[in-house]
Amino acid sequence: MAKKSNSDQPTNTNRIVAHAKPGETSSEVIARTVISPDVQAALTVKKFSGDFGELDSSALADALANQISMIGKGDLGRAEAMLSSQAHSLDLIFHTMARRSLEMDYIDNFERFMKLALRAQAQSRATWEALSAIKNPPAVGYVRQANIAHGPQQVNNGAAGCSEDSASAEKNQNVKNKLLGEDNGERLDTRASSTAGGTDQEMAPVGAIHRAKNDNR
């Protein structure tokens with residue numbers, strides 16, 4: 001009797017094949033594999049894929065890991081196909097629920113099916129918008145800041161600009177001081193007092209010469 005080959009032996013479809021990295025212990029390999037996104041997704045897909053029979057968990061994890069790697073390289077073909085197919089499926093759910101609502105005899109059941117239909121329609125629209133954003137990403141623009149003011153304005157840029165403005169202000173201040181200062185006996189402010197000139201005579205006390213003659217006081 002011929003022996004069965006290894007390929008004829010039944011395989012465990014629930015197993016996950018993990019490849020150890022150099023220096024990793026068995027515990028580290030198991031922990032890294034359990035939290036791996038492709039492994040977790042493979043187990044979820046297998047649970048929801050009852051129509052496809054018994055799927056191999058390790059093969060599913062490898063296929064998902066390959067898709068993740070392609071996206072990392074910038075190939076979004078799989079993502080675009082997935083979103084497109086989901087948008088069509090949601091649109092089908094919308095029409096199905098809308099037609100079912102017309103078969104209801106009570107208003108509560110009618111509203112329930114219509115709410116499900118409108119939710120599917122909203123999700124379909126959101127899926128198309130996500131696909132459009134992938135195909136036509138929004139342009140990012142950089143706007144330089146502009147200082148706009150009515151009338152004259154002064155903009156100080158850096159230390160150099162401040163030094164020039166300070167020197168200009170000091171020069172203007174010196175000019176103002178010179179204009180307002182005393183030059184050849186002239187002063188812009190006529191109310192300010194000046195030093196006595198040669199024509200001013202010192203006045204003697206009046207009471208000492210012309211004393212009032214009043215003996216009653």
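Contact is defined here as heavy atoms within 4.5 Å. The structure is a predicted model, in which local features need pLDDT of at least 70 and side-chain atom pairs count only at pLDDT 80 or more, while totals for chains, interfaces and linings use all residues. Residues are numbered from 1 along each chain as its sequence is written, and side-chain values use heavy atoms, with hydrogens and water left out.

Among contacts in the protein chain between residues at least 6 apart in sequence, 47% join residues at least 24 apart. The chain contains six helices and zero strands (DSSP runs, H or I of at least four residues for helices and E of at least two for strands, numbered from the N terminus). Of its 217 residues, 12% count as buried (under 20% relative accessible area, with exposed over 50% and partly exposed in between; 1.4 Å probe, protein chains only).

Helix H5 comprises 29 residues (107–135), and its end C-alpha atoms are 42 Å apart, in agreement with the 42 Å expected at 1.5 Å a residue (the expected span being 1.5 Å times one less than the number of residues). Phe113, Ala117, Ala120, Ser124, Thr127 and Leu131 are the buried residues of H5, and these pack against helix H4 (77–101).

Ser101 lies in helix H4 and is buried, because its relative accessible area is 1%. Apart from neighbours within four places in sequence, Ser101 is in contact with Phe110, Phe113 and Met114; Phe113 is also one of the buried residues of H5.

In helix H1 (residues 26–34), by contrast, is found Ile30, which counts as exposed because its relative accessibility is 54%.
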